[in-house]
Structure formats: structure tokens, C-alpha cells
Amino acid sequence: MHRGVWSKQEDQKLIDYITKHGEGCWRNLPKAAGLIRCGKSCRLRWMNYLRPNLKRGNFSEDEDDLIIKLHALLGNRWSLIAGRLPERTDNEVKNHFNSHLRRKLIKMGIDPNNHKISHYLHIKRLEFFPENSTKSENDGAISDASSSCANDQQITSSLLPDLNSVP
């Protein structure tokens with residue numbers, strides 16, 4: 001078995017074989033295509049790099065929104081999420097979420113793990129919406145008098161996008 005970087009000749013052999021015979025059984029494909037690689041290596045090379053319908057480059061805003069909504073519904077099931085973005089690979093979607101969208105959610109005050117309002121935003125909201133809090137006579141600190149889940153949902157529903165509607 002050959003390991004390491006794929007050569008252009010190996011790529012071309014794989015492309016030629018798959019366009020002529022289709023994907024088929026990945027275990028038997030390397031020998032039939034004249035490659036000294038394992039079937040898993042051929043499958044990954046085809047799926048992640050050589051497929052003609054792969055989309056490379058930056059993600060659009062629509063794709064970002066869809067990834068966030070699907071992550072809220074499905075969690076870290078990247079292959080299912082990537083299935084809704086047919087030109088993207090599951091690894092590419094996962095990397096984009098972890099490197100870009102996670103930070104975007106944190107800046108919006110949303111916990112990226114459970115897609116709920118973070119504790120920090122809850123404290124900041126009390127400063128901006130004093131009708132839900134009372135002032136202490138001693139030090140002027142703001143304390144939460146009656147914050148209920150219903151009030152939290154009312155306030156945040158108008159500020160945040162609807163994560164439950166999937167296109």
C-alpha cells in the first residue's frame with residue numbers, strides 16, 4: 001500500500017475509473033483502477049477532493065444560517081447537516097462551524113453547545129431592561145427580582161433569529 005500525498009497520476013486514474021465505472025465497491029476499486037491504495041483512502045480522496053460537484057470557498061450567509069439551525073436541531077451530526085448542503089463535505093461543515101460560526105454565536109450571546117441564551121447575556125439584559133429588576137439601596141447593584149423563563153423567552157424572541165424553522 002502506498003501512503004502519503006496523492007500524485008496527479010493517481011488522481012487521474014481514480015477520476016477516470018469512477019467516471020467510467022461509477023463508485024461501486026470501494027474495497028475492490030483500487031485494484032481495478034490500478035492504484036496501490038486502500039479503498040478507504042480512495043473513497044476519502046474522491047468524496048472530499050475530486051468529486052466534480054464539490055463547492056470550494058467561503059460559505060454564504062444562507063449556508064451559515066442553515067448550518068446554525070441544523071446544528072441546533074441535530075447537534076454534532078455533521079454528515080446529516082452536510083446532507084442538506086449537497087456541495088459541501090461533512091468535514092468542511094464541521095470545521096467551518098467550529099472555527100467561525102461558534103464565535104459568531106458567542107458574540108450574539110448564544111451558547112453554541114445548546115443554542116440558548118448565555119448567562120453573560122442574561123446579566124447584561126438586566127442592565128438594559130430594569131423593569132425586570134430592582135435596585136439595592138446599599139450599593140446600587142442590580143439584582144434579579146422576578147426573572148422567569150417566560151420573560152426571558154419574550155425578550156429574546158424578538159432579538160434572535162428563529163432557530164426552530166428549518167428550510
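**Exercise 1. Exposure of K55 and its partner**

Determine whether K55 is buried, partly exposed or exposed in this predicted model.

*Solution.* Step 1. The relative accessible area of K55 is 30%. Step 2. Buried requires a value under 20% and exposed a value over 50%; K55 is therefore partly exposed. Step 3. K55 forms a salt bridge with E63, and the closest N and O atoms of this pair are 3.5 Å apart. Step 4. E63 has a relative accessible area of 9%, so E63 is buried.

**Exercise 2. From a pair to a network**

Identify which parts of the chain are tied together by the salt bridge between E63 and R88, and which residues belong to the network.

*Solution.* Step 1. The N-to-O distance in the salt bridge between the side chains of E63 and R88 is 3.1 Å. Step 2. E63 belongs to helix 4 (residues 61–74), whereas R88 sits in the loop between helix 5 (78–83) and helix 6 (90–107), so the bridge ties together parts 25 residues apart in sequence. Step 3. Both residues of the pair, E63 and R88, are buried. Step 4. Through salt bridges that share partners, K55, E63, R88 and E92 are joined into one network.

**Exercise 3. A bridge between two helices**

State how many salt bridges the model has, and explain which helices the pair of D11 and R45 ties together.

*Solution.* Step 1. A side-chain nitrogen of Lys or Arg must lie within 4 Å of a carboxyl oxygen of Asp or Glu; by this rule the count is six salt bridges. Step 2. In the salt bridge of D11 with R45, the closest N and O atoms are 2.8 Å apart. Step 3. Since D11 lies in helix 1 (residues 8–21) and R45 in helix 3 (residues 39–50), the pair ties together parts that are 34 residues apart in sequence. Step 4. With a relative accessible area of 11%, D11 is buried.

**Exercise 4. The surroundings of R37**

Establish where R37 is placed, whether R37 is buried or exposed, and which polar contacts its side chain makes.

*Solution.* Step 1. R37 is found in the loop between helix 2 (29–33) and helix 3. Step 2. Its relative accessibility is 3%, which places R37 among buried residues. Step 3. The R37 side chain reaches the backbone oxygen of G4 at 3.1 Å. A further polar contact, of 2.9 Å, joins the side chains of R37 and E10. Step 4. When residues up to four places away in sequence are not counted, R37 touches M1, H2, R3, G4, V5, W6, E10, P30 and C42.

**Exercise 5. A serine in helix 3**

Describe S41 by its burial and by its polar contact with W6.

*Solution.* Step 1. S41 is in helix 3. Step 2. Its relative accessible area is 18%, and the limit for burial is under 20%; S41 is therefore buried. Step 3. The side chains of S41 and W6 make a polar contact of 3.4 Å.

**Exercise 6. The second largest pocket**

Give the volume of the second largest pocket and characterise its lining.

*Solution.* Step 1. The second largest pocket holds about 190 Å³ of space. Step 2. It is lined by 13 residues, of which M47, N48, R51, T89 and D90 are the closest to its centre. Step 3. Helix 3 and helix 5 each contribute at least two lining residues, and the largest share, four residues, comes from helix 3. Step 4. Sorted by class, the lining comprises five nonpolar, four polar and four charged residues.

Technical notes
Residues are numbered from 1 along each chain as its sequence is written. This is a predicted model: local features need pLDDT of at least 70, side-chain atom pairs count only at pLDDT 80 or more; totals for chains, interfaces and linings use all residues. Side-chain values use heavy atoms; hydrogens and water are left out. Buried means under 20% relative accessible area, exposed over 50%, partly exposed in between (1.4 Å probe, protein chains only). A polar contact is a pair of N or O atoms within 3.5 Å; within protein, one must be able to donate a hydrogen and the other to accept it, and residues adjacent in sequence count only if both atoms are side-chain atoms. On a 1 Å grid over the protein atoms alone, a cavity is a set of points where a 1.4 Å probe fits but cannot get out, and a pocket is an open set with protein on both sides within 12 Å along at least five of seven lines; lining residues have an atom within 4 Å of a point. Grid points are joined across faces, edges and corners, and a volume is the space filled by probe spheres set on the points. Ala, Val, Leu, Ile, Met, Phe, Trp, Tyr, Cys and Pro count as nonpolar, Asp, Glu, Lys and Arg as charged, and the others, Gly among them, as polar. Contact means heavy atoms within 4.5 Å.
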